[in-house]
Structures are given as structure tokens and as C-alpha cells.
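This report describes selected features of one protein structure, for a reader who has the sequence and the coordinates at hand. The topics are a sheet, two helices, the nonpolar cores and several salt bridges.

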Amino acid sequence: MQAVEISSVHKAFGPTIALGGCSLNASKGEIHAIVGGNGSGKSTLAKVISGVLIPDSGQVSILGKTPTSPVEAKKIGIANVFQEVLVADSCTVLDNLYIGADKLFSFSMSKLEKSEKAHSLMRELLGFDLDLTTPLHDLPLSIKQWVTIGRAILSDPKVLILDESSAALDYDSTERLFRKIRQIRDTDAVVFIVTHRIAELVRIADKATVLRDGVDVGCLDKQDIDEEAILDLIAGVDRKRDAPVPSAKVDGGKSAVLKLAGAKVWPTSQPFSFDLYPGEIVGVTGLDGQGQTDFVREVSGVQPLFAGSTVYHGGEEADEIRGLKSALRNHIIYVTGDRKKEGIFPNLSIFENVMLPVYQEYRAGGVLNFINRTKLDPVFKWESEKLEVKMGSDGDLITSLSGGNQQKVLIARAFAEKPNVLVLNDPTRGVDVGAKLDLYKNLREFAASGKAVIFLSSEIEEFLNLCTRVIVFRNGTITQEFPAPFDANVILNATFGRAARMAEQASTRHHDEASAEAGTPAHGETDAVQPFKIMSPAFADGGLIPDKYVEESRISPPLAWSHCPPGTRSFAVSVTDPDLPEEFEFPRAFVHWLIYDIPPTELELEEGAGVDGRLPRGARELENDFVTFGIPGYGRGYGAPWPPDRSHRYVFTVFALKADRLDIDPDGDFESFSKAVLPVTISAASLVGCYGPAKKPLPNQEGVDADAEA
């Protein structure tokens with residue numbers, strides 16, 4: 001018997017048929033991908049499995065039961081991470097992770113147990129320690145996505161559904177997610193993933209069910225999952241495959257249409273120059289938070305450069321781009337990848353969302369100045385059909401469309417504005433493979449007409465048959481540039497700061513293929529898996545902290561870190577205790593040490609640096625919580641552990657930062673530290689030591705009962 005059995009399920013929303021007889025089977029211990037074009041019914045099917053939607057007909061069996069509501073689905077053991085990032089921004093990370101876990105008058109576990117479990121999971125997912133008391137509105141989209149994923153995992157699901165859950169994650173983050181997915185699968189759970197990234201399916205899925213127009217059209221086993229097979233099933237073998245339209249050959253003698261000089265995307269980043277030529281499609285990439293998003297927003301006038309200039313040279317006279325007004329005047333058009341936040345007008349129709357920016361151009365004139373619908377209709381039809389926007393009536397609200405079709409509307413709107421330069425910020429997020437091919441075709445035609453494109457994407461594979469060159473951002477500046485043809489592995493290495501010499505590529509490719517067949521690491525693979533690390537000569541990760549560094553000695557242990565990410569401009573260190581007894585009613589981990597502005601050349605803290613003042617030159621400390629809460633006998637610097645009544649973990653974390661110095665109030669606390677450090681963190685590494693039970697009471701603390709000694 002299958003763990004999940006979906007048979008001939010139908011679901012309609014008025015005249016729109018979302019599922020027209022869909023079937024799917026999945027076994028325990030299986031990662032099962034649900035694939036299809038935009039509007040094919042993927043998200044509807046996921047909601048049927050999770051009890052959010054009730055089918056009009058057909059059979060649904062999940063572990064032998066049929067969920068008819070999210071509450072019933074939860075009791076069965078089903079957890080769904082939706083495509084949209086659903087969080088309560090005003091609540092803390094911890095509260096968001098356990099939303100819905102407790103009943104009105106009872107709790108699933110104590111606050112300490114929740115904090116311990118959540119802290120461990122989020123560290124595993126993020127790769128660094130996150131303050132669980134931070135309000136979610138202070139955190140970036142990628143961490144909010146992790147919170148929704150963590151919320152589902154903390155429910156210990158038997159069936160986990162991830163709907164486009166890697167869309168907001170970079171490559172490195174996606175790899176961490178995949179490791180966790182495999183762990184969950186190995187507990188005999190069923191994991192469904194809905195994604196448009198075929199490269200991800202090949203690496204992670206055990207099976208893939210493909211939907212087209214609400215019906216399953218094939219189920220592929222792992223060995224059969226590849227781009228060609230999925231495309232044939234999604235689009236149908238009779239789909240006309242248009243020959244690629246090559247981009248116009250870039251004439252090196254032509255003048256650049258857009259020039260950036262002395263550009264700085266951040267106050268602390270290195271300046272760079274960039275020229276964009278007619279006929280170019282320039283790919284832009286980098287790991288999450290490396291400045292590439294700021295770059296495309298600044299080029300298109302959405303936000304200002306911190307230094308330097310952007311000048312458009314496509315008109316009769318050069319015109320500096322100082323904001324949206326001057327960008328639009330020169331037909332530099334920006335398409336966002338965050339359609340929900342800054343793309344669509346949710347209360348307007350599909351037609352209005354496409355045509356609103358060009359109403360002025362097509363007005364009828366006269367006293368009342370009506371919109372000329374007769375002129376607008378052909379434009380709408382042309383732009384929407386080019387991208388095959390799947391819709392009912394053009395008067396329907398845009399929110400009636402699937403997420404991918406909403407994204408197509410944004411791109412259609414951009415083309416309707418007759419751009420000279422098109423700036424795309426991850427435009428294919430949530431867009432199916434067939435729609436991507438349509439977009440690529442349109443972009444090639446656009447560039448071939450003498451226009452230019454800047455195309456930011458987190459999927460390096462998108463650049464391979466599309467772009468004329470690719471630029472890589474690290475630490476707020478362009479660090480490498482690659483002309484076509486491209487090697488995806490070389491570009492990926494560049495995003496991690498590893499430069500590959502072109503001569504090495506050819507000489508090592510055959511070696512890499514042979515090594516892969518032999519099951520041995522390929523050239524460069526050892527470097528690729530070397531993470532940023534912190535260690536102590538005094539104790540092993542997870543081991544006991546020696547008595548020398550605890551209780552009344554107040555001597556900080558020696559710490560050292562290695563494999564620092566390129567572009568690191570300073571370090572910060574925190575030492576925290578997440579295991580305070582619940583009766584303390586402490587809202588977060590207890591802070592023993594906070595240091596920042598450690599120079600990038602310093603890779604260690606010597607023994608006793610926290611009390612004896614032997615910090616690296618320029619490094620600064622904040623108050624520990626002994627001082628913050630007025631506990632006698634302690635001052636600024638390393639605060640030795642509080643004598644616990646049981647074993648406690650102490651988490652030593654080093655942050656590699658892209659800022660030279662941090663602007664923190666000298667009397668600031670852990671909240672001030674977190675708010676300053678997290679936004680400029682390139683990478684973080686943690687070491688856990690265990691301490692306790694204590695042998696002696698807290699020194700210089702009146703009222704400590706001798707019975708508190710363990």
C-alpha cells in the first residue's frame with residue numbers, strides 16, 4: 001500500500017478547472033517532485049494533499065486517511081510550506097517557529113524545550129546561530145523562508161510538502177536544505193517538493209510526477225529525471241520548438257549604452273566600473289547578499305548608488321540616472337522578482353496590471369481624456385500572448401492567476417513600456433521551464449534588435465545559452481567576469497571567491513570526469529567543501545569545557561578560526577548559553593562575551609583575552625549579561641559561566657563580516673550586537689562546549705545557596 005494515493009482528483013474554481021482528473025502515488029522514504037507549467041495545478045494538488053482544499057471528486061488517501069481540513073492534516077502528520085513566505089513579522093523568530101503548535105489552554109512543550117529544539121534546528125539550516133528573540137521584520141527574506149521551513153520540520157512531519165521553498169535561497173542554502181530533506185526522508189517520511197529548478201530535481205528527487213493542464217502526464221523514476229524528459233512531458237511532444245534567436249553580435253566598436261563609473265553599492269564596498277553595450281544580455285550573479293541585488297536596483301534608478309555615477313548614452317545627449325524618473329525617461333525598465341511586495345497591484349485586473357504604465361501614451365485626448373481601449377487591446381494581446389499568460393478574462397483580478405503567471409504579467413508590462421534597457425531581478429522565480437524558454441526567446445529577440453539586458457539570477461544554468469557575458473559579485477563589487485561560452489562550475493566557484501584559471505579548466509575536465517566515475521573527489525572538490533570553521537585547542541566540539549575556564553577563574557578559552565570567506569573585512573565573536581533554567585524566565589540565550597571590530601588579519605583569540613585585555617588591536621567588547629543585569633563581581637569582557645544545576649551548552653560563534661567597523665553603542669547589548677552583525681555577515685561558524693553541573697557557587701554573589709552546588 002502506498003503512503004500517499006491520489007486518484008482521479010478533480011478541483012474547479014468556478015469556470016477554471018485546476019485539476020481535471022489528477023493521480024499520484026508516493027511511498028514512505030521517498031522524495032517526490034511535483035513538476036509542471038504555471039497553472040498546471042501543482043499548488044492546488046499540494047493543497048489537496050494537505051487538506052487546505054477539498055476535491056470536487058476523486059480519492060485522496062494519506063497514510064490511510066483523508067484530510068478534510070488543515071487541522072485533520074496536522075493530526076495525520078502532514079506539514080505544508082507554501083510558496084508565499086507566510087510569517088508574522090511583528091513576532092519573534094521563536095514565536096513564528098511554533099505558531100499553531102499549542103492549544104488555547106495547553107502547551108506542547110516548555111519554553112526551554114522549544115528554544116533548545118528550535119536553536120539546534122535553525123543552526124543546522126542556517127549554518128550559524130540566530131537570536132530567536134529577533135522580530136522577523138528585522139530579518140531578510142531568505143531567513144524568513146528558513147523560518148517557514150523550520151516551522152514545518154519542528155512538527156516532525158510524516159508527510160512534508162515544500163512548495164517552491166528554495167525560491168528565495170541561494171545555492172549554498174539550498175544544499176543545506178537538501179541535506180535536511182534527505183535526513184527527513186530517511187526517517188520513512190514522504191517529502192513532496194514543488195520546484196521549477198530542474199537541476200535541483202536531478203539531485204534530490206527519487207520520483208517526479210509531471211502535471212499538464214491539471215492532469216498527470218507521466219511519472220519519472222530517478223534515473224529518468226532530466227531536462228529533456230521533463231520538458232517533453234510539461235509541454236507535450238507536439239509543442240513547436242522554435243530555433244533559438246541569437247543575440248546580436250556585440251560590436252566592440254560601438255559605444256556603451258550605459259556606463260557606471262566609480263560605483264559603490266555599499267558605503268564600505270570597493271568601487272567598480274561597468275559598461276553595457278547594445279545587443280548584450282549580461283548575467284549577474286553571486287551568493288545571497290553580496291551586492292548584486294543592490295546593483296540591479298541602482299542601475300535602474302530604484303535606489304541610489306552610494307558613490308559614483310550611472311549615465312545613459314542611448315539618446316542624443318548623455319543623461320545621468322539619478323532615480324526612477326530619469327530611468328523611465330530613458331526607458332530603463334526594471335522587473336522585480338518579489339512580485340508580492342513590489343510588483344503586482346493586487347486590487348487591479350490583469351489588463352490594468354499590464355497596461356497601467358502606458359495609459360498616458362494611449363489616451364484618447366479631449367476634455368475628459370479617456371483611456372483609448374481600442375488602441376490598448378492589441379498591445380495587451382500581443383504582450384500577454386508572447387509570454388503565454390494563462391488566464392480566464394483579462395478583467396479578472398491579477399491575484400486569480402498562479403504565481404508564475406503573475407510573474408509573466410510583470411514581464412509583459414515591462415515589454416509594453418518599450419524599454420531600451422531591460423533590468424531583470426531574478427525574473428523567473430516561480431516560473432515554469434516552458435515559460436522560461438519563451439522568456440529567453442523574447443530576450444534574444446529584444447537584444448538582437450540593438451537593445452540591452454541586465455539579467456540577475458540565482459540559477460547559473462540560466463546564463464549558459466542566453467547571456468553574452470556574466471559578472472560575479474562578492475562583497476559589494478564585481479570580482480570576476482566571464483565571456484561566453486560559460487562553464488557553470490567555474491562561475492559557481494567564482495561566487496565562493498575561488499578564481500579558476502582558464503588554462504586549468506581544459507586540463508582538469510577529463511580528470512574530473514574520470515574521478516567522478518571512479519568515485520574519487522574531482523579537482524577542486526576538496527576546496528569546495530572546506531567550510532568556515534572555529535575551534536579551540538582546549539576542548540573539542542561538543543566536548544567538556546575544562547575547569548580552568550569556568551567558575552571563578554574567569555579565564556576565556558583560546559579560540560581560532562580558519563577557511564575564512566574571501567572579502568572578509570572584520571570578525572565578530574559571541575559566546576552564549578542557550579540552556580538557562582526555565583524558572584529564570586529569560587527571553588533569550590544568556591550572553592557571556594561579545595566582541596567586534598576584530599581585524600581581518602587576526603584569526604585567533606588567545607587564552608585569557610577576555611579579562612586580561614589581550615584583545616587584538618582595534619577590537620572592542622560589549623557588556624556581557626552579568627553586567628547588563630547587575631550581577632555583582634563582573635565587569636566588561638568575558639563572563640565565566642553561571643554555575644548551572646545541570647549540563648549547559650556554551651556556543652562560541654565567529655562571524656565573518658563584509659564591514660570594516662560596526663557602529664554599535666558602547667553600552668549596547670546582545671540585541672544591538674545582532675542588529676549590527678547579521679546584515680553584514682558573509683558567513684558564520686560555531687563551536688559548542690559543555691559545562692556543568694557546577695562544582696562551586698557563583699563567586700561574589702550574595703544569596704547563592706550552598707545547595708545550588710551540584
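In what order do the strands of the open sheet of 6 strands lie, and with what pairing? In this predicted model, the order is S15-S18-S19-S12-S20-S21, and the pairing is mixed. The edges are occupied by strand S15 (332–335) and strand S21 (477–483); each has a single partner strand, so one side of each is left without a neighbour in the sheet. From one strand to the next, the twist averages 20°.

Within this sheet, strand S12 (residues 281–285) and strand S19 (residues 452–456) pair in the parallel sense, over 4 bridges. Val284 has Leu456 of S19 as its bridge partner. Helix H9 packs on the sheet and touches S12, S15, strand S18 (421–425), S19 and strand S20 (469–474). The direction of H9 makes about 150° with that of S19.

**Helices H9 and H5**

Why can H9 be described as largely enclosed by the rest of the structure? Helix H9 spans residues 292–299, and 6 of its 8 residues are buried, so the description applies. The buried residues of H9 are Gln292, Phe295, Val296, Arg297, Glu298 and Val299. Just after H9, Gly301 adopts a positive phi of about 80°.

Helix H5 has 14 residues. From its first C-alpha to its last, H5 reaches 20 Å, close to the 20 Å expected at 1.5 Å a residue. Of these 14 residues, 12 are buried, so H5 is likewise largely enclosed by the rest of the structure. Among the buried residues of H5 are Trp146, Val147, Ile149, Ile153 and Leu154, together with polar or charged side chains including Ser142, Lys144, Gln145 and Thr148. Just after H5, Asp156 takes a positive phi of about 50°.

**Nonpolar cores**

The largest nonpolar core comprises 61 residues, of which Leu97, Met122, Ile181, Ile193 and Phe673 touch the most other members. H5 supplies the largest share of this core, 7 residues. Leaving aside residues up to four places away in sequence, Phe673 touches Ala572, Val573, Ser574, Leu594, Ile595, Tyr596, Leu622, Phe655 and Ile664. Another core, of 41 residues, lies apart from the largest one, and its members include Ile350, Phe351, Tyr440 and Val453.

**Salt bridges**

The structure holds 17 salt bridges. Three of them are listed below, with the N to O separation of each pair.

| Residue | Partner | N to O distance |
|---|---|---|
| Asp156 | Lys117 | 3.2 Å |
| Arg185 | Asp186 | 3.2 Å |
| Asp660 | Arg569 | 3.1 Å |

Which parts of the structure does the pair of Asp156 and Lys117 tie together? Asp156 lies in the loop between helix H5 (141–154) and strand S6 (159–163), and Lys117 belongs to helix H4 (residues 111–126), so the pair links parts that are 39 residues apart in sequence. Asp156 counts as exposed, at 53% relative accessibility, and Lys117 counts as partly exposed, at 31%.

For the pair of Arg185 and Asp186, Arg185 counts as buried at 17% relative accessibility, since the cut-off for buried is under 20%. Asp186, in contrast, counts as exposed at 57%.

The side chains of Asp660 and Arg569 also meet in a salt bridge. Asp660 is in the loop between strand S28 (648–657) and helix H21 (670–677), while Arg569 is in the loop between strand S23 (559–562) and strand S24 (570–577), so this pair ties together parts that are 91 residues apart in sequence. Asp660 counts as partly exposed, at 36% relative accessibility. Arg569 is partly exposed too, with a relative accessible area of 24%. Salt bridges that share partners also join Arg185, Asp186 and Asp206 into one network.

**Gln183 and Gly29**

Gln183 lies in helix H6 (residues 171–185). With a relative accessible area of 39%, Gln183 is partly exposed. How many residues separate Gln183 and Gly29 in sequence, and how far apart are they in space? The two are 154 residues apart in sequence and 9.8 Å apart in space, C-alpha to C-alpha.

Notes. Residues numbered from 1 in each chain as written. Predicted model: local features only at pLDDT ≥ 70, side-chain atom pairs only at ≥ 80, totals over all residues. Heavy atoms only, no water. Buried < 20%, exposed > 50% of the residue type's maximum accessible area, 1.4 Å probe, protein only. Helix = DSSP H or I, 4+ residues; strand = E, 2+ residues; numbered from the N terminus. Salt bridge = Lys/Arg side-chain N within 4 Å of Asp/Glu carboxyl O. Pairing = 2+ DSSP bridges. Axes fitted to C-alpha atoms, helices over the stretch in contact; angles between N-to-C directions. Contact = heavy atoms within 4.5 Å. Core = buried A, V, L, I, M, F, W, Y, C linked by side-chain atoms within 4.5 Å. Expected span 1.5 Å × (residues − 1).
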